[in-house]
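Student: I am new to this one. Could you walk me through a few of its features?
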2 protein chains.
Amino acid sequence: MSKIKITLPDGSAREYSKGITAGEIASDIGRKLGEDALIAKVNSKLKDLFTPINEDASLQIITFKDKEGIEVFRHSTAHLLAHAVIELFPDAKPTIGPAVEEGFYYDFGIEHHFTPEDLAKIEHKMKEIADKNYAVERIELDEAEAKRMFRGNKYKIELIEDFHKEKQPISAYTQGNFTDLCRGPHIPRTGMMKAFKLTKTAGAYWKGNPNNDQLQRIYGISFPEKSKLDAHLKLIEEAEKRDHRKLGKELEWFHFFEESPGAPFFYPKGAIIYNLLLEFIKYEYKKRGYQEVVTPLLYEKSLWLTSGHWEHFKENMFILESEGKEYALKPMNCPSHVLIYKSKSRSYKDLPLRIADFAPLHRNELSGVLTGLTRVRKMSQDDAHIFIMHEQIEEEILKVLDFTHYIYNEVFDFEYNVELSTRPEKYMGSLDDWNRAEDALKKALERKKIKYEIKEGDGAFYGPKIDFHIKDAIGRSWQLATIQLDFQLPERFDATYIGADNSKHPVVMIHRALLGSIERFIGILVEHYAGKLPLWLAPVQVRILTVADRFEKYANEIKEKFEKNKTRVEVDARAESIGYKVREAQHQKIPLILTVGEKEEKNNAVAVRTPDNNVYFDIKADDLLEKVSDNIEKKKVKVEI
Amino acid sequence: MSKIKITLPDGSAREYSKGITAGEIASDIGRKLGEDALIAKVNSKLKDLFTPINEDASLQIITFKDKEGIEVFRHSTAHLLAHAVIELFPDAKPTIGPAVEEGFYYDFGIEHHFTPEDLAKIEHKMKEIADKNYAVERIELDEAEAKRMFRGNKYKIELIEDFHKEKQPISAYTQGNFTDLCRGPHIPRTGMMKAFKLTKTAGAYWKGNPNNDQLQRIYGISFPEKSKLDAHLKLIEEAEKRDHRKLGKELEWFHFFEESPGAPFFYPKGAIIYNLLLEFIKYEYKKRGYQEVVTPLLYEKSLWLTSGHWEHFKENMFILESEGKEYALKPMNCPSHVLIYKSKSRSYKDLPLRIADFAPLHRNELSGVLTGLTRVRKMSQDDAHIFIMHEQIEEEILKVLDFTHYIYNEVFDFEYNVELSTRPEKYMGSLDDWNRAEDALKKALERKKIKYEIKEGDGAFYGPKIDFHIKDAIGRSWQLATIQLDFQLPERFDATYIGADNSKHPVVMIHRALLGSIERFIGILVEHYAGKLPLWLAPVQVRILTVADRFEKYANEIKEKFEKNKTRVEVDARAESIGYKVREAQHQKIPLILTVGEKEEKNNAVAVRTPDNNVYFDIKADDLLEKVSDNIEKKKVKVEI
């Protein structure tokens, strides 16, 4: 038997007999890899593990750790679902069943509407089939064979005809007595699917077209291990509890109206949070040499032509007409700031020039993708553009990194990951400029001792960038700050400075927003803290509860002291039980719940309940005032009494 | 000769012979009135003074004190101008020459372009003609006569044909050898025009249509007395010096770009002023029980249909489309706040509910009428809507009056006039509600001891209102706050509250903005103070100038102390003369200019130059710090050292 050479991702090569499968090679490399292998990349193409390899090839074994592995695993679970449904509901016509971001689904042509009880039965049947550990096999078919095989299922027949028209190969996958029309690839055995959950049902239209048949969709999620499924279900449950849309409405912080899709209304308490974030950033700006400007929102087409937005971003802009001219609501602040930069001659002595702006931005997102505060049509960013000389990149980036670290790590308690995206194949500017810029970014990251991953070639064509991803309290990752170098926009606008050599040089721009969109950041904060915002950000910081009517005067005395200290405080003197009043204050996520009664009044003290539900008795009012002020001033995340 | 009865404005009646003129009656009433009389209102119609009166009539003598008097006086000066032009330029074809807000103009068909020297000559000729004190006479003509009289002037022929077509009577006015086609009325003698000035020339099109002939326009202004003209010219000169557009650019506070007509860019120093005004208002809001919200800018057509804006305000809104739906950028905040009001059930215990908003508003004004900050397309107001019960009107209006008085009178140094506009002929709501509401407004004004003028019938159909007009430092009047009651909008949106009687009642809304548009208010402030803003609002409050290099360290020590006190301070340590540095600081309207040298350093003191150009020597630095903080905290208009 002739030999072939298999090259592995680490560059090493192994010799095998022609016709060996990727699955066999995985087991040969190691027992664990053999067990974990789901599919393989052969010469960069995804293949079933059982596909024989007949010539020299590069090979990568794909497991559940890889994005492609997760997708194929869940696609196979969709087949398992269809298999079970057919066993239980022989009339059901399987149509399509892909993996999606949150798991997988399968659409069936069937009169019956699946009930929660059905889902339990189907899940049970899936378990039975999985346990039989059927081998999965691939069959290649011509159109006639395929049509014969799927006769009686008009949806599959239509798909077969589509494939034929598009000259695509037709294939099917079989496990036990179930066969599905499918391109593959798939995992090799049903027994590998050890943990799955059907999550919900929904109506859907064949091929997404409301004029077509209505189908019944079943959604599910799957993992190779039960512990991972359990963790996932717990995460979902936790995420639902802290969903910012739910909390925002319950707490009367923000709300959406159908009259303005994707544009939040911040109610008084939400507006307090909103304004506190702006004040916080403005305070930092003063210390860090940023200058705020207030700018228009509507700009004539000519500006967007110069900036390139008309060409590249037009469909995301809201466009209108006035006196025969076209205008767009700005989706970004950069061109406004270039206009300001260019409004006078700039010298190297004026640089860095840091221009900050909180102007509302509008992006014409599809209404279907709008999601609470995290995907909106209207937002304000803590946006700034920094104009610098090329040789100032490292120093200035260092300052921006310092600012970012301060916010994420010192003010909030986010862990974060950093990615540096470098020169793509198509780029503008000189290779030398790029190399120097990338070096400067790396040096700045290293000087600030920030670990980073390099995304080779992932930079924008107009400059390299640094991305920050934060991890929230339940482990979810959110992209936040981007620090983007830009060589192009200054060139488009001919923005220059006069150097020490008395001649003109192109200026370099840094685009940076650290919170990003204030709206989205609030959404993330609400979910991260499950509504229990740090004391300094809480719309109501202190509520004083009276144990009985007669302590209202004392409660109001304490309240006035807090007010003098600029603390946001309320008194609840209603004739309700103290237990009821505490529960209500907790429900409203008020960080400090004070109770006052006989003993407290006598001792000029209060009892304090903190966000972690610790209660401290007989705390002197003046001591508490001082501690609360200190907590607020230092923007502490945990309340320390 | 038969007698007729003439009734005067004070209700008194006099008998005269039939055929007497209004001019004769004016002289009969009093010599001064006879001299000042310009025209007359006979039975409410404007007539020449020399028109005989042949039957009983009401009569009002109009002088330069009346708006109609000023208009006719200036229209007559336009005739005087045309008279002089014809004498000097016999080829010129007079076309039309009306009075306008800022004086009058006359358009001539002529090849020649008038030069400043021409204007001087024409003015001289006008003086000659005026001094001849020609009597002005009116002639009634039929079309044929008129055409004969104005043969050779195609513009007049066209007008005559227009009048004929519209079946309007045709008349002309003659003075000396000059006759002009004109409806009149006019003042009776050229000698009454004692003071005039031709101010500028411009091109214009016949009938304003760019397809027609180009004409030469001459603008002018006139008064019955030289002292009034002088005062006017001085005011114009003073107004030009303090023109906010000029100062805004010179001081780098704000600027406009053609890419965004009518939408100011506030540069860093202007943005400081902008934000200080917002902070000031927000601070007052906290004290006065207002709650700020942050709201969307784009709303679907359905909202504007409900609010009535689609019907009444559509052409002033910027309208755009997304996903097949029409949206408008909001020109006002009211509907947003009604949505918030209606987002939950409201009880009488929740009222008054005061919702404040600084959202940017957009109005699609014609580009031709845009004027600096005072007439813009984009602005933010210190806008609030107060939701109240009908019986809360008086108390709440009193609070709003108090707030307004505090801002205009105590914080800024504006004098103001107040007008109360009452029920118009067409109104909505019950007569009883109107009467009670108007009474409540009057009572509130009287309780606050504010003098007011009643504008009978000038209220909006949806409620009575109170308008504030402030007077600036050079005597110009600006309309600012409006406090508008609204019975209608709540009804359109079915906005109600649950009363103590447990049933639903319509809520009443107050629309109120006290600064009005922040943009416009800044424009007015800049002109009122000629750029020398009160210390608390100045973008740079203190500049420290060194007498020589070696005092830079001391200057910086003082600077740090000011910064600790949150004062906006700069050091000018350049090697320029102290005189030069002082002049530059004054030019930049910096309120406090400190100089430091040998003696100051030794004594831990500074020399202080205040905005009124007083210099105080040897002021202890610590005393000054305290005084400056006090001036800022108390928002003093005059700096007191």
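Tutor: Gladly, starting with strands: strands (E, at least two residues) are DSSP runs, numbered from the N terminus, and two of them pair if DSSP finds at least two bridges between them. This is a predicted model, where local features need pLDDT of at least 70, side-chain atom pairs count only at pLDDT 80 or more, and totals for chains, interfaces and linings use all residues. Residues are numbered from 1 along each chain as its sequence is written, and chains are lettered from A in the order in which they are written.

Student: In the hairpin of strand 20 and strand 21 of chain B, which residue takes a positive phi?
Tutor: That is E323(B), with phi near 50°, in a hairpin that has two residues between the strands. Strand 20 (residues 319–322) and strand 21 (residues 325–329) of chain B run antiparallel, joined by four bridges. L320(B) in strand 20 stands opposite Y327(B) in strand 21.

Student: How does chain B relate to chain A?
Tutor: Copies are superposed by least squares on the C-alpha atoms of residues with pLDDT of at least 70 in both. Here a turn of 179° and a shift of 0.0 Å along the axis lay chain B on chain A with an RMSD of 0.4 Å. The two copies are therefore related as by a two-fold rotation axis. In chain B, L320(B) has the C-alpha nearest that axis, 2.3 Å away.

Student: Which surface serves each copy?
Tutor: Contact means heavy atoms within 4.5 Å. Both copies use the same surface, as 100% of the contact residues of chain B recur in chain A.

Terms used: Side-chain values use heavy atoms; hydrogens and water are left out. Buried means under 20% relative accessible area, exposed over 50%, partly exposed in between (1.4 Å probe, protein chains only).
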